[in-house]
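This report describes selected salt bridges, one sheet and one pocket of a protein chain. Please consult the sequence and the structure shown below while reading.

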Amino acid sequence: MLKNYFHKITLLLLTLSLSACIENDIPYPLVEVVVSGFEVEGQCQGPQGEAPVTINKKDRTITAYVDDQVNLAKLRITKMATAATDPEPTMDVVDSTRCNKYENFPRKPFASLDDLYMSSDTRVNFSDAKTPVRFRFHTYQDYFYDVTVKQVIIREISVENQVGDAVIDDQNHEVVIYVTPETNFSKVKVHKFNIGGTHGTVVPNPTDYEYYDFTKATKFFVKHGWEEASTEWQVVVYHKGGTPGPKTESEVYPHSVKAYVSGKTTVGSTIAIEYKEGSASDWTKLPASKIETTGQTFEATIDGLQPDKAYKYRIVTNGEAGNETDFKTAPAPALENGSFDVWHSEGDTKRALWCPWAEGGESFWDTGNHGATTVGASNSVPTDDTCNGKGQAAVLESKYIVIKFAAGNIFTGAYKQTDGTNGILDFGRPFTGFPSKMRVNYKYLCKTINKCGDDAYRHLLNEPDTAQIYIALTDWSAPFEIRTRPSTRQLFDPNDEHVIAYASLKLGDNVQQWTQKDLVLNYRSKKRTPKYILVVASASMYGDFFTGGEGSKLWVDNFELIYD
C-alpha cells in the first residue's frame with residue numbers, strides 16, 4: 001500500500017513537471033505596438049516649416065513643435081493613439097518624475113481626452129531638450145517611444161533705419177541692432193519688439209513710446225504666462241560700419257603643448273585668433289573650426305605648440321587686430337623611472353625588501369613591500385620578463401602573507417609606516433605638466449577572489465579578480481595620506497574635487513601577451529595647474545579592503561607620458 005502511495009505521488013509530480021514544461025515552451029505571440037497619433041497643446045509648425053508632429057515608426061521617435069503659449073514643464077498630451085492590437089497595449093512613462101502626477105497618468109493609449117477619466121492627468125515635463133521622454137507600451141513585449149517637444153519662439157525686432165536683421169542671442173539674452181550712421185541713438189523709433197516671442201510680455205515695451213533712448217545698453221524684462229519670474233535681456237544699438245562695440249576681452253591658459261583661449265565680445269562680432277612664437281615675425285591664423293562661439297562668448301584651442309616656450313596671441317575682431325598678449329607653455333616632464341628598470345634590495349635574501357629606485361637615491365615610486373616584509377617576502381619585485389626584451393619590468397603579485405591578504409602594487413609616492421598590519425602611505429609626487437595620456441604596457445594573470453577582509457565586499461568571493469592601473473593629476477597642497485586600517489580608513493577618491501584629470505584601466509581577464517594601451521586623461525578643468533601626479537598599479541584593485549585572489553599577477557613596463 002505504501003508502495004502504491006509513492007507511485008501515485010511520483011506520477012503526480014511527473015504530470016506537474018511535464019505540464020510546466022509544456023506551458024513554458026509555448027512562445028508568446030509577437031504583437032508590435034505602433035503609435036499612430038500624437039498631439040499636445042499649443043502645436044505649431046517648426047521654425048523651418050516642419051510638420052507640427054513627426055512620428056518615426058522605424059526609430060520609434062516622436063518630435064513635436066509647440067508655440068510660446070504653453071509651459072513645456074507641464075505640457076498636456078491630448079492624444080496618444082496606437083494602431084489596433086489584440087490585446088490592447090498598456091502604457092506608462094518610464095521616468096515617473098517627468099509626469100505631473102504619475103498616479104493619475106493614463107495606463108492605456110487614448111485618441112482624445114474624452115476617452116479618459118476625469119481624474120486623469122496627462123501633463124508631462126518636456127523642458128529637458130537633451131533628454132526625450134520615454135514611453136513604454138506593452139502587449140506581450142515592451143516597445144519604447146522617445147518623445148521630444150521643441151518650443152518655437154519667434155522673436156522679431158524692427159526699428160526705423162535698421163540695417164539687416166537684429167542679432168538675437170537666446171542663450172545669453174542679448175540683442176544687437178544695427179542702424180544707419182545718421183540715426184540718433186536717443187530717438188529710435190521702434191516698430192516691433194517681440195523679444196519674448198508672440199505671446200511674451202516685455203517691460204518696458206518700447207513700442208508704447210514715440211521714440212526710445214538707446215544711447216547705452218538697455219535692460220528689458222521678458223515674461224511668459226507660465227513663468228513666475230521675468231528674464232532680463234540686454235539690448236544695444238550700433239551704427240552699421242561704426243564702432244563694433246566694447247573692446248574684446250580674452251584670457252589664455254597654457255598647457256604643455258596647447259593653449260586655451262576664452263573671452264567675450266559684442267554679440268554678432270566676427271572673431272579670429274592669431275598666434276606666433278615670441279620671436280617670430282609672422283602670425284599663424286587659427287582655423288575657424290577651432291573657435292566655438294556662443295553669443296558674446298568664445299573659446300578656442302591652440303594646439304601643436306612646443307613645451308616650455310614663449311608665445312604671443314591676439315584677437316582679431318571684425319577684421320581689426322587687438323593687443324598682443326604674451327604667454328609661455330608649461331614644461332612636459334617625463335615620468336621618472338617609468339621603465340621600472342631601476343631597483344635595489346635591502347635586508348636578507350629571504351625577506352629582501354625590493355625598492356623601485358637606485359640605492360642611495362631618492363624614491364619616486366614605492367610599493368607595499370615595506371608592510372609585506374615585516375612578516376614575509378616582497379610581493380612587488382623586478383623581473384627580466386619585459387615588453388621589449390630590455391631592462392626590467394615590475395611584477396606585482398597578490399599574496400596571503402601569514403594573517404592578511406596583500407595586493408601586489410606600485411605607486412608614485414612613499415610608504416610611510418606600518419600601523420599594526422595596516423599601511424599608511426603618501427600618494428603623489430610633485431608635478432606641473434599637462435600630459436594628454438599615459439601609455440602603459442602590461443600582462444595579467446587573473447585568479448579567482450578567495451580572500452575577503454571586508455564584509456562589504458564578500459559578494460565578490462569566487463568572482464574573477466580585477467587589476468587596475470590609473471593616473472590622476474591633482475592640485476593637493478601636500479601628498480594625500482592613505483590609511484588602510486578599517487577604523488581610520490582613508491582612500492583615494494577619483495571624484496575628489498582636487499582631481500584635475502583622471503584615466504583608468506581595469507582588467508578582469510587573463511592577458512597572456514604584453515599589451516600596450518593609452519590611458520587618455522579626462523581633464524575636468526582646463527584652467528587649473530597640476531601640483532601632483534599619482535600613478536597606481538595593483539594586481540587586485542580591492543586590495544585596500546584586503547580582498548582579492550591569491551596568485552593574481554600584474555606585469556607592468558614602460559609607462560610613458562604622452563603630450564599631444
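In this predicted model, the side chains of Arg-60 and Glu-32 meet in a salt bridge, with a distance of 3.1 Å from N to O. Side chains of opposite charge can pair when their charged atoms come close. The two partners belong to distant parts of the chain, 28 residues apart: Arg-60 is found in the loop between strand E2 (53–56) and strand E3 (61–66), and Glu-32 in the loop between helix H1 (2–25) and E1. Arg-60 is partly exposed, at a relative accessible area of 24%, and Glu-32 is also partly exposed, at 41%.

A salt bridge also joins Arg-134 and Asp-146, whose closest N and O atoms are 2.8 Å apart. Arg-134 lies in strand E7 (residues 133–138) and Asp-146 in strand E8 (residues 142–151), so the pair ties together parts that are twelve residues apart in sequence. Is each partner buried or exposed? Arg-134 counts as partly exposed, with 38% relative accessibility. Asp-146 has 19% relative accessibility and counts as buried because the limit for that class is under 20%.

Asp-518 and Arg-439 form a further salt bridge through their side chains, at 2.7 Å from N to O. Here Asp-518 in strand E39 (residues 511–520) is linked with Arg-439 in strand E35 (residues 437–445), 79 residues away. Both are partly exposed, Asp-518 with a relative accessible area of 26% and Arg-439 with 24%.

The table lists these pairs.

| Salt bridge | N to O distance |
|---|---|
| Arg-60 and Glu-32 | 3.1 Å |
| Arg-134 and Asp-146 | 2.8 Å |
| Asp-518 and Arg-439 | 2.7 Å |

The count of salt bridges comes to 23. In addition to pairs, a network of salt bridges links Lys-416, Asp-426, Glu-481 and Arg-483.

The next topic is a sheet. Three strands form an open sheet in the order E1-E4-E6, and their pairing is antiparallel. Strand E1 (35–40) and strand E6 (123–124) stand at the edges with a single partner strand each, so one side of each has no neighbour in the sheet. Strand E4 (residues 75–82) is joined to E6 by two bridges, and Leu-75 stands opposite Val-124 in E6.

Finally, the largest pocket has a volume of about 870 Å³. It is lined by 41 residues, of which Ala-407, Asn-409, Thr-484, Gly-543 and Asp-544 are the closest to its centre. Elements that give two or more residues to this lining include helix H2 (369–372), strand E31 (404–406) and strand E32 (409–419). By class, the lining has 23 nonpolar, 15 polar and three charged residues.

Conventions
Residues numbered from 1 in each chain as written. Predicted model: local features only at pLDDT ≥ 70, side-chain atom pairs only at ≥ 80, totals over all residues. Heavy atoms only, no water. Pairing = 2+ DSSP bridges. Helix = DSSP H or I, 4+ residues; strand = E, 2+ residues; numbered from the N terminus. 1 Å grid on protein atoms, 1.4 Å probe; cavity = no way out; pocket = protein on both sides within 12 Å on 5 of 7 lines; lining within 4 Å. Points joined across faces, edges and corners; volume = space filled by probe spheres on them. Nonpolar A, V, L, I, M, F, W, Y, C, P; charged D, E, K, R; others polar. Salt bridge = Lys/Arg side-chain N within 4 Å of Asp/Glu carboxyl O. Buried < 20%, exposed > 50% of the residue type's maximum accessible area, 1.4 Å probe, protein only.
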